[in-house]
Protein chains: 2
Amino acid sequence: MTASEKAYYSVHPKFHMAVDCIIFGFEDGELSLLLLKRNFEPAKGQWSLMGGFVEEGESVDDAARRIVAQLTGLTDIYMRQVKTYGNVDRDPGERVISSAYYALVDIKKYDHTLVQAHNAFWVKLPEVPHLIFDHDSMVADALRFMQYQASIKPVGMNLLPEEFTLTQLQTLYEAIFRESMDKRNFRKKIASMDYIEKTGKIDKTLSRKGAALYRFNPERFKENGQFKI
Amino acid sequence: MTASEKAYYSVHPKFHMAVDCIIFGFEDGELSLLLLKRNFEPAKGQWSLMGGFVEEGESVDDAARRIVAQLTGLTDIYMRQVKTYGNVDRDPGERVISSAYYALVDIKKYDHTLVQAHNAFWVKLPEVPHLIFDHDSMVADALRFMQYQASIKPVGMNLLPEEFTLTQLQTLYEAIFRESMDKRNFRKKIASMDYIEKTGKIDKTLSRKGAALYRFNPERFKENGQFKI
DNA sequence: TTAATAAGTGTTCCAATTACACTTTTCTTT
DNA sequence: AAAGAAAAGTGTAATTGGAACACTTATTAA
């Protein structure tokens, strides 16, 4: 790099860069968020999203993955960037620019020890308390974006176990869109998606009759898949 | 701020923060982008988006507005954040994190002197050359996002003069979605939007018969407006 | 054996979208 | 003054996709 090139960058300020993660789970027919009841400064005692700073040599996407893994122990999680929040005073401590990411996790699979260590809790969406800084906006934006994504791409299944019943799948989408759906119409739609396939197994934990278990087949979807719900 | 709070921030690195702007215009039935043929380092001689660094005391949104104003002289422009690009090596000179914003401008109204001074040119979308760094991805993402926004909100009019004919409006949407539309169906749809109102004036520049001029009424839209195209 | 519980299954109706072609107005040219 | 050119403007029928709707089946527990 030449001297003039170096000057091109160095005359400009640098900023702390953070990520904040909106971690969605699904349980008892409701979406939940994994939130911290902060037992550390700043804003000790208040509720917040799980967040952290981007480190040297780490991409912002990688930072988001690291932050989710730190709290849940989970890697290979479905995550999407929501938006970057760059208001000067958004963090009252010092200037920090933050990118929000949402994550969809199977609520049965997280590392309980890590979550406890961070003093984190799953909170059902309707009961989410006021969060610090601009985290309320982040949650609102993430929810909206996730709903849109879930309506055009088969990403909702990331909130379910590998194998799921159609009843589970329907209650999931009812929770995502906060509206009840017609069972027959819903099943008709799913039946038209050949990438949601029967495993042949039957789940008898929820009904005497037993319900067929399905699984999402990503290869089949990549080939010719359409999704709209 | 206490010492421990200060430490909370200061152990973490800081980064250059930039914005890059995808500036859309509309002319001759085609979308265009305002691009720089760089006559300065780095990447002198190559094509790029208009960009710049976020400065101290300036929000990221404000930086984006400033950058667009610097090039076009235009303020109060419709702009939306697209996405933040945070790969470590995205700028080969030094690490820079960049938020992309798209802007919709009336291509008749920009400041020609400023544009010339920056060696910038309007390039029709199908003829956009390869751009530096990850700017090609930024353009692709911005176009997709803009198309989505334009399909659910009446933002396309930002690319037209205050007053426009229905033929202009239709060719605009045909350019945005890269598909031809049926004239009668299109006009039927627009007629159902009472916030797109006749001005009473007639434009005779494009036809012997003359075409009615319309205008977007934002107040009417706010009240009860629905938009879907 | 029967009572309880969730799983599973088709058809009709309605609304929204799509397809489709000619007339009108005005100016220019001859 | 008549004819031709060019874009503006206008309505209906057909199709499609989405919405509404209720009973039967399988199984286990009482």
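These are my notes on a predicted model of protein chains A and B with DNA strand C.

**Ground rules.** I count residues from 1 along each chain as its sequence is written, with chains lettered from A and ligands numbered from 1 in the order in which they are written. Because the model is predicted, local features need pLDDT of at least 70 and side-chain atom pairs pLDDT 80 or more, while totals for chains, interfaces and linings use all residues; side-chain values use heavy atoms, without hydrogens and water.

**The two copies.** I laid chain B on chain A, superposing by least squares on the C-alpha atoms of residues with pLDDT of at least 70 in both. The RMSD is 0.1 Å, after a turn of 180 degrees and a shift of 0.0 Å along the axis. The copies are thus related as by a two-fold rotation axis. I also looked at where they meet. Of the interface residues of chain B, 100% are also interface residues in chain A, so the copies meet through the same surface.

**DNA strand C.** I listed the residues near the strand (a heavy atom within 4 Å of it). There are 20, and Thr167(A), Lys183(A), Arg184(A), Lys188(A) and Lys209(B) come nearest. Sugar and phosphate make up 39% of the strand atoms that come within 4 Å of the protein. By type, the surface has 3 nonpolar, 4 polar and 13 charged residues. Here charged means Asp, Glu, Lys and Arg; Ala, Val, Leu, Ile, Met, Phe, Trp, Tyr, Cys and Pro are nonpolar, and the others, Gly among them, are polar.

Next I checked side chains against bases. An N or O atom of Lys209(A) is 3.1 Å from a base nitrogen. Asn185(B) also has a side-chain N or O atom 3.1 Å from a base nitrogen. For Lys209(B), the partner is a base oxygen at 3.0 Å.

**Ile23(A).** I then turned to a residue of the protein interior. Ile23(A) is buried (under 20% relative accessible area, 1.4 Å probe, protein chains only), at 0%. Its C-alpha atom is 5.8 Å from that of Tyr102(A), 79 residues apart along the chain. Beyond four places in sequence, its contacts (heavy atoms within 4.5 Å) include Leu33(A), Val68(A), Leu71(A) and Trp122(A).

**Cores.** I looked for nonpolar cores, sets of buried Ala, Val, Leu, Ile, Met, Phe, Trp, Tyr and Cys residues joined through side-chain atoms within 4.5 Å. The largest has 53 residues, and Ile23(A) and Ile23(B) are among those touching the most other members. Apart from it lies another core, of 43 residues, including Tyr78(A) and Met138(A).

Notes: Polar contact = N/O pair within 3.5 Å; in protein donor to acceptor, adjacent residues only side chain to side chain. Buried < 20%, exposed > 50% of the residue type's maximum accessible area, 1.4 Å probe, protein only.
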